[in-house]
Every structure is written in C-alpha cells, then in structure tokens.
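Let's take a walk through a protein model together. Have a look at the structure first, and then we'll go through some of its side chains.

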Amino acid sequence: MKYSLNWDLDSIFPGGLHGKELTDKLAVIGESIETFRQAINDYEFDDDDAQFSRFSELTDFLQKIQAGIIQASMYINGKHSDDVNNEEVPPMIDKVQSLDVKAAQIAQLLQKKLADLSDDRFNELIKQPGLDTIAFSLQENRHFGKELLDDTQETIISEMNLEGLSSWSNHYSTLIAGVNVDFRDEDGNPKTLSAGQADNEILGNSDAKYRQDLMPKWEAAFEEKQNLFADTLNHLSGSRLLDYKFHGTDDFLKYPLELNRMSKQTLDTMWKVVDDNKDVLIKFLNRKAQLIGKDKIGWEDVAAPINIGNEKSKTFTYDEAAEFIIKQFNSFSPKMAKLAQKAFENRWIEAENRPGKEPGGYMQDLPETGEARIFLTFTGSPNDASTIAHELGHAFHSSVMNDLPYFRQDYAMNVAETASTFGELIVSDANVKEAKTDEEKISLLNAKMDNPVAMFLNIRARFLFETRFYERRQDGVLTANEINDLMVQAQKDAYGESLSTYSPHFWASKMHFYIDDIPFYNFPYTFGYLFSLGIYAKAQTTDDFEDQYISLLRDTANMTTEELASKHLGVDLTKPDFWEAGVKLIEKDVDEFIKLTEKYV
C-alpha cells in the first residue's frame, strides 16, 4: 500500500495526551487568557494612539489564543474519534472545553469594548491598517457585544454551559460508544457491530434481505437506550433554550442564522424550492424501488447500492481512491490536487475500517501549522471516495486562507459545506463519466444521487424534526416515544410519504443533533450543496476558474452569505431562481437514470 490508512496525530503534539508538548500548550493558553483578560479590562480607547495600535495588538493576541485552542482541540478530539473507548480522553476534552469557555469570556470583553464605541469612533477604528483587514469580523463582534448581559451574568451563563450544554454533548459520545448491534453475517456467524459499523453495513450492503434484517436490530439497539438519549437531547436543548431566554429571545433560529451569516428570507426561499421539487427525488426513489423488486423503497434502501445483472459494484482500494481524487481535482484546480496529494502523503487522513472508531467523518484544520486532519471509515465504495473528496474540499478551503488573520479564517458552516460538496461533486461526476457499461453507469448514477437525496430529503427531515422538537421543548421535556413520533413524521413529510419504512431512532444515532457549539447542524448542508452546484456549473465554462474559486473561498469569512453570492456569482439568494437552477442539474441526472433503467423494470 502506497498510502497509510491511519493518520499522524503524534506530529501535532509528540508525547501523547499527557506529554510535555500538550501539557505546556494548555498551560500557555490558560496563562494567555488571564493575561488578555487583565489587558482588555484595563484598555481604554481614549488612551490608545490615533492608529489604535494597542487595540490591534490585543486583537492579534486574542486570535492567537483562539487558534491555539483549535489546534489542541483537534488533537484531543482526534484521539477520541480514533478510539471511543480511550478513558484518558474525556478528562482532556473537559480541560480544553474549559479553556474554550474562558476564551469565549474574554472575547465577550472585547465585544463589549467595541459595542461601547460611538459609530464615528468605530468607523475610524476599522479603517486603520491591520484592522481594516478584519473590519467585517469587528463589526460582527460589535453586534454581538450589544446583545451581551453584564460581565458577571455572562460568566455565570458560560460556566453553567460548561456543566450543562457542553457536558450533555460529551455525554452523547459516551452513550453512542455503548451502542452495539448483535447480528449474524452472511454465513450465519454471530458478530457484534458498533453503531457506526452497523450504519455503514445498512447503507452499503447490496443485499436487500441483509439490510432488511439488520435494520430492526439497529433500531432495537437504540431503543434499548432511547430514554438515555432522550434525557441527553432534552437537557442539551433545554440548556440552549435557557441561554437564548437569558439573552432576550425565544427564536431558536436566530443564533444559527447569525452563525451562518444568512437571512431567514434566504433560508425560507431555499427550503420552499426544495419542498416544491421533492418529487424529482421521489421519482428516482420509486424507480430504485422497482429495480430492487419493491413497491416502495424502505429507509434502509434509500442509500443502498444497485447492481444490475452480473455487474458488480465498483470498488476502490484506498490507493486507487487517492489517485483518482488527485487526478480529478487536477482537472479543475491543480492547487486542489496538490493539497490532496500532500494530505495523502503526509498522513492527514484516518480511514481504517475497524471497531472502536467514532461514527461519521469530518475535517478539522490546524491553524497554527497550516495543516488539517480528516477522519472517516473507508470501505472501498464510490461513496467513500466521494467522502474523502468532500473532506479534502474542506481542507483546501482552509489551506487557501492560511495567510489571513485568524478572524478571517472563521468561515461559517454553510459556506464550508460549499467547498466540501464541490470536491465531492468533482469525484462523483467523474465516476459516472468513466463508466464502461450502462449497468456500471446505473450503479454509479445511483451512488451520485445519494447526495441530492440526502440534501433535499434527509437533511430536510432533520430540519423539520429539530424545528418541531425545539418548538415542543419550549413547553417542557419530551419522552423518547414522543421524539420518535416527531422523527417519523418529519421523515414522512420530507419524503412525501414515499417510503415503506422509516427510522424512528434516527435522532438518537445522528451526532449532529448533539453538537453543543453549532445549533441546527443541518440546513447549512443543503445550502452548501446547492451553492456548490452553481459553482460547479461555472467551473465548467470559466477559463480562470481556479483563481475565481480561491477568491470566493478567501472571502467566505469576510461578508454575509448574500453578499458573497452577489459578489462572486452575481446571484440573489433571496430569490428562487438560483436555487431552481441547481434543481435542474439534479433533474438531468434523474432523467438519465430513469432512461437507462427502463429496460430493467
């Protein structure tokens, strides 16, 4: 094997979780936080010079602290993802989260200083060299500063969140590590699967009976612990709602929208277009049902592979996937290809398929060293290759911003999912184009359709579920069965009641519902997918695409989402036209799939 399946974490902090490098790093961060706290409390704008030199030094200092916390967090959380049963990790997670809370507290002190400035004085500030490059971030911080309570109240809330919101989020990791699915393999031999492994086998197995037999076992494993998961979700959301209440709002979408720098009008327009066009994807699912011999497709079949006749599902070795990704990236952007090559060669990626790993996948940048680390489980399917490309898209996004101030690297999740989905589109589209037979093309088109089905239907179900859950949670705690009912109804609404079976415990299995620092970890995916479709279409007709693409990525933390789309794509996100253009690209793939499969039904 040319490329390792295992990532290199030791080069980040040699010596491990209790080594001198990490221990010293955490100590330095803690000392720096207290130094900054004293300095910002003592700082007065009237005592600074005309260029606000001292304030500029303070913003640089704060950005350095924040980057250091991200660097340490990635390493510690990576150790947990690598081995969910490592008992040394949770105490370290608590340590770095405690530092993160304290860093948020001192950031609030800076926000309050900015909020107290007059408009004229603030406009003077953001015109100064060094500060002008982070003007948008300072404007955001000023806005947030105006919504803050007094220092004592904010400190109490943040400390309570450490033992509330954050702790419940961490508790989910403990619960999911204990979910095991007892099953038998194709030869009848008993085996125990982790929640993540079972999920992968359901989604990736080509045998309909195998999926149908495994799905109830998977549901039963979560049902056994559903009350624990319900407690966790109830208290996590309750902590969040209390925080919102203390800050004067009962609008639980206000903060998620602000985090994504997008308007409610944009969100509503996007979801309306998605809902109005869900029949495009339902048409695809109905044909898929016919191909696997069912009247209606089941939840367990939605993302399943399709093999026509004797055609075997296309598979990749890890090395083959790596070379394929690098080649396809190069056709759009040599710089993307170079970054991917670097990631594979320098062991930035953890891909081994083994028990004890955390479910799912992610990319985390390392701002201090200009690197990244990627986590997933690789089984050899075309979708796995696309997933690697997805995470490498994230890594490329971060890499083109390494020379910018850290505030300018703090892009929102919705535009983050743009770069990743663009990388994924390149690889999935190339897979289809390189098919040698109609049967192989059908299989690969089916794999490619997993993304729009997920973004339009699955993510839509998550958004509907979470919205309704939070509406109900404002009136009190929900039972596990009530949450199950909300989940099933959301799936029925999103999928147009087109499925034969649903997944009542999906809410318990999906880590995204339990993330403490990013509420509503759903709609940004759909945004990023549709936004990336527009970029992908432009890439195929633009000679200097690479430079334009990098220019867009470098602006992602420097303006609102609507401003970004207007500046770089010339579109209005509050109007349906842009979103509908993306639907047409999806419809083209569905029509090709329907045409190719006509003779098989």
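A residue is called buried when its relative accessible area is under 20%, exposed when that area is over 50%, and partly exposed in between. Keep in mind that what you see is a predicted model.

With those words in hand, try Phe-527 and Trp-579: both of them are buried. They also form an aromatic pair, arranged edge-to-face, with 5.5 Å from centre to centre and 65° between the planes. Phe-527 belongs to helix 21 (residues 523-539) while Trp-579 belongs to helix 24 (residues 576-597), so this pair ties together parts of the chain that are 52 residues apart in sequence.

How many aromatic pairs does a search of the whole structure find? It finds 42. Another one of them is made by Phe-13 and Tyr-75, again edge-to-face, at 5.4 Å between centres and with 70° between the planes. Here, too, distant parts of the chain are linked: Phe-13 sits in the segment before helix 1 (20-42), and Tyr-75 sits in helix 2 (residues 53-82), 62 residues apart. Phe-13 and Tyr-75 are both buried. Ring pairs can also join up into a cluster, and you can find one whose members include Phe-252, Trp-271, Phe-463 and Tyr-470.

Rings can have charged company as well. The charged end of Arg-142 sits over the ring of Phe-122, 4.7 Å from the ring's centre. Likewise, Lys-357 lies over the face of Phe-375, with 4.8 Å to the ring centre.

Now turn to helix 22 (residues 545-554). Its buried residues are Phe-545, Glu-546, Tyr-549, Ile-550, Leu-552 and Leu-553. Where do they lie around the axis? They cover an arc of only 155°, which means they are on the same side of helix 22. What do these buried residues pack against? Their partners include helix 14 (318-332), helix 17 (413-433), helix 21 and helix 23 (561-569).

Next, zoom in on a single residue, Ser-239, which you'll find in helix 10 (residues 226-246). Is Ser-239 buried or exposed? Its relative accessible area is 15%, so it counts as buried. The side chain of Ser-239 reaches the backbone oxygen of His-235 at 2.9 Å. If you leave aside neighbours within four places in sequence, Ser-239 is in contact with Asn-161, Gly-164, Leu-165 and Trp-168.

Finally, let's look at salt bridges. A search of the whole structure finds 37 of them. In one, Arg-37 meets Glu-34, and their closest N and O atoms are 3.2 Å apart. Both residues lie in helix 1, three residues apart, which is about one turn of the helix. Glu-34 has a relative accessible area of 40%, so it is partly exposed.

Lys-264 and Asp-268 make another salt bridge, with 3.0 Å between the closest N and O atoms. They are four residues apart in helix 12 (residues 264-276), so about one helical turn separates them. Lys-264 is partly exposed at 40% relative accessibility, and Asp-268 is partly exposed at 38%.

A third salt bridge joins the side chains of Arg-472 and Glu-482, at 3.7 Å from N to O. This pair links distant parts of the chain, with Arg-472 in helix 18 (residues 438-473) and Glu-482 in helix 19 (residues 480-494), ten residues apart. Salt bridges can share partners, too: that is how Asp-82, Glu-350, Glu-352, Arg-354 and Lys-357 are joined into one network.

Definitions and conventions
Residues are numbered from 1 along each chain as its sequence is written. This is a predicted model: local features need pLDDT of at least 70, side-chain atom pairs count only at pLDDT 80 or more; totals for chains, interfaces and linings use all residues. Side-chain values use heavy atoms; hydrogens and water are left out. Rings of Phe, Tyr and Trp (its six-membered ring) pair if their centres lie within 6.5 Å; planes under 30 degrees apart count as stacked, over 60 as edge-to-face and the rest as tilted. Helices (H or I, at least four residues) and strands (E, at least two) are DSSP runs, numbered from the N terminus. Buried means under 20% relative accessible area, exposed over 50%, partly exposed in between (1.4 Å probe, protein chains only). A charge sits over a ring if NZ of Lys or CZ of Arg is within 6 Å of the ring centre and within 35 degrees of the ring normal. The arc is that of the directions from the helix axis to the C-beta atoms. Contact means heavy atoms within 4.5 Å. A polar contact is a pair of N or O atoms within 3.5 Å; within protein, one must be able to donate a hydrogen and the other to accept it, and residues adjacent in sequence count only if both atoms are side-chain atoms. A salt bridge is a side-chain nitrogen of Lys or Arg within 4 Å of a carboxyl oxygen of Asp or Glu.
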